[in-house]
Amino acid sequence: MIKGKVVVGILPTYNLKNEDNDPYQDKASFVRMYEQRIIEAGAIPIGLLNNNIENYFDICDAYVWPGGNSIQKDFYKVFEDAIKNHKPFLGICLGMQAMATYFNILEDNKKNKELSFYETYEANKESKPYLVRLEEEKISNHSHYVTKDEEKIENAKHKVKIEKGTIMDDIYKTDTINVPSMHTYIVARVPKSLTISSRTEDGTIESVEYTKNGACMLGVQYHPELIKDYKIFNWLVERSLDKYKILVNKEYKIPNNLYFKIVTYDSKCPSIDKRESLMEESVYYAFLELKKAMKEKGYEIDLQSGYRYTIDQEELFNRIVEEKGIEHTNMFVAKPRHSEHETGLAIDVCACIDGKWNFESDEDLNILFSYLHSIISDYGFILRYPKGKEDITGYGYEPWHLRYVGSKEFAKEIMDNNLTLEEASNSYTLRYSKK
Ligand SMILES: [Zn+2]
């Protein structure tokens, strides 16, 4: 995430080979259209250079593996990162073929674990090929030569039928699409772990998906970038923001396998506990913007409490139990793994009035807080524990506790309709964990 914007890493899949003895051969190149579509979807594209691909993983929220003619060994590491950290992945043409090949190799490897990933590939590629050339009679329907010429793109289109209940169905919300095709190889076999979500009329596989354990990966054989297919690129960007749509309360604990990057924040608030002067990275940038907007109105706010280590939440909980008993503690303090502060998405705001920093909701702060609440959704924040919703949230009114939810639209929906996250979960898919 860079300044609150989704960063999409693109693999360089074009290899411009020169003479064999040319010291400058192996120039990896990017195709412009992909980058353009990602910008149009509101995200930042970055190119992953193939000599040190892992260096980029930390800043990427999603990946695009485009069509092309070249796969470098290290490219496959992108799959590991996408799966482990639930980053959305979109493979196009070569990218979809690579995705099917990757999961096939993992399955083949189960039969002979002695072999490495690449040895497994080498051992199987002859007897059970991963990709095959299109049969002659099918070629005319798939293998087009496309230029920027709109007519050529139009001629390269064929119909694709989409299966219900798949990512493709979710993106297009229709059962048939007409899309341009440009390939001579097809996926020869599909591993059990992948779902085939669409085919052409001649049966050719046009998309595969991997959604196990919270992963979110889609590979398509056609070329959405040629037709300004905003739906598919918007999906990629929106899914990157979905990780912020989680529900944590007294009933639901923080879902497992969440990937959040926590960064240090420098607060002016004198009462801040340095151990809690931390936030999730996109929250950090959103909060800086919010602070600036408040300043423009003459209000000074800063961080009182941000990310909290689970061990600290546990310590806090046990201490209050000892001091005030379990009943009181349950009313006011979250159990470990049940506090939003343990995600890095919640911040307690303190305010400075006439040179005095204050955090509790006293009279002087009312005007400041009501202005704050009127603008937070513009920065992706909601008021998590509103007045009059104590029965639903399980907490008293906390004007200082803001929660980042990822998208402004979602935050506005909640704030404009005076909802809680609990109520929003009736109409939005939120991630939560009971166990
Ligand atoms: Zn709080």
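This is a short talk about the domains, the core, one helix pair and one cysteine in this structure.

Okay, before anything else: what we have here is a predicted model. Let's start with the overall layout. The domain assignment splits the protein chain into domain 1, residues 7-242, and domain 2, residues 247-424. If you take the centres over C-alpha atoms, domain 1 and domain 2 sit 40 Å apart. As for how they touch, four residues of domain 1 are in contact with four residues of domain 2. On the domain 1 side of that contact, you get one nonpolar residue, three polar ones and no charged ones.

Now, the core. The largest nonpolar core has 96 residues, and the members that touch the most others are V8, Y63, I376 and F381. Which helix gives the most to this core? That's α3, residues 94-111, which puts in eight residues. And where does the core lie relative to the domains? Domain 1 and domain 2 both contribute residues, so the core lies between them.

Let me pick out I376 for a second. Leaving out anything up to four places away in sequence, I376 touches L290, F381, I382, L383, L402 and M415. You'll recognise F381 there, since F381 and I376 are both on that list of core residues touching the most other members.

Back to α3, because there's a helix pair to look at. In general, you describe two packed helices by the angle between their axes and the distance between those axes. Here the partner is α4, residues 117-124, and the axes of α3 and α4 come within 9 Å and cross at roughly 90°. That makes the two helices roughly perpendicular, given that the range for that label is 65 to 115 degrees. Who's actually meeting whom? From α3 it's I105, D108 and N109, and from α4 it's F117, T120, Y121 and N124. Sorted by class, this contact has three nonpolar, three polar and one charged residues.

Last stop, C352. You'll find C352 in strand β17, which runs over residues 346-353. So, is C352 buried, exposed or partly exposed? C352 has 16 other C-beta atoms within 10 Å, and because buried takes 20 or more and exposed takes 12 or fewer, C352 counts as partly exposed. Setting aside neighbours within four places in sequence, C352 is in contact with E300 and W357. And one distance to finish: C352 and L368 are 16 residues apart along the chain, with their C-alpha atoms separated by 9.8 Å.

That's me done, thanks.

How values were computed: Residues numbered from 1 in each chain as written. Predicted model: local features only at pLDDT ≥ 70, side-chain atom pairs only at ≥ 80, totals over all residues. Helix = DSSP H or I, 4+ residues; strand = E, 2+ residues; numbered from the N terminus. Contact = placed C-beta atoms within 7 Å. Core = buried A, V, L, I, M, F, W, Y, C linked by C-beta atoms within 7 Å. Domains from an automatic or database assignment. Nonpolar A, V, L, I, M, F, W, Y, C, P; charged D, E, K, R; others polar. Axes fitted to C-alpha atoms, helices over the stretch in contact; angles between N-to-C directions. Parallel < 35°, antiparallel > 145°, perpendicular 65-115°, else oblique.
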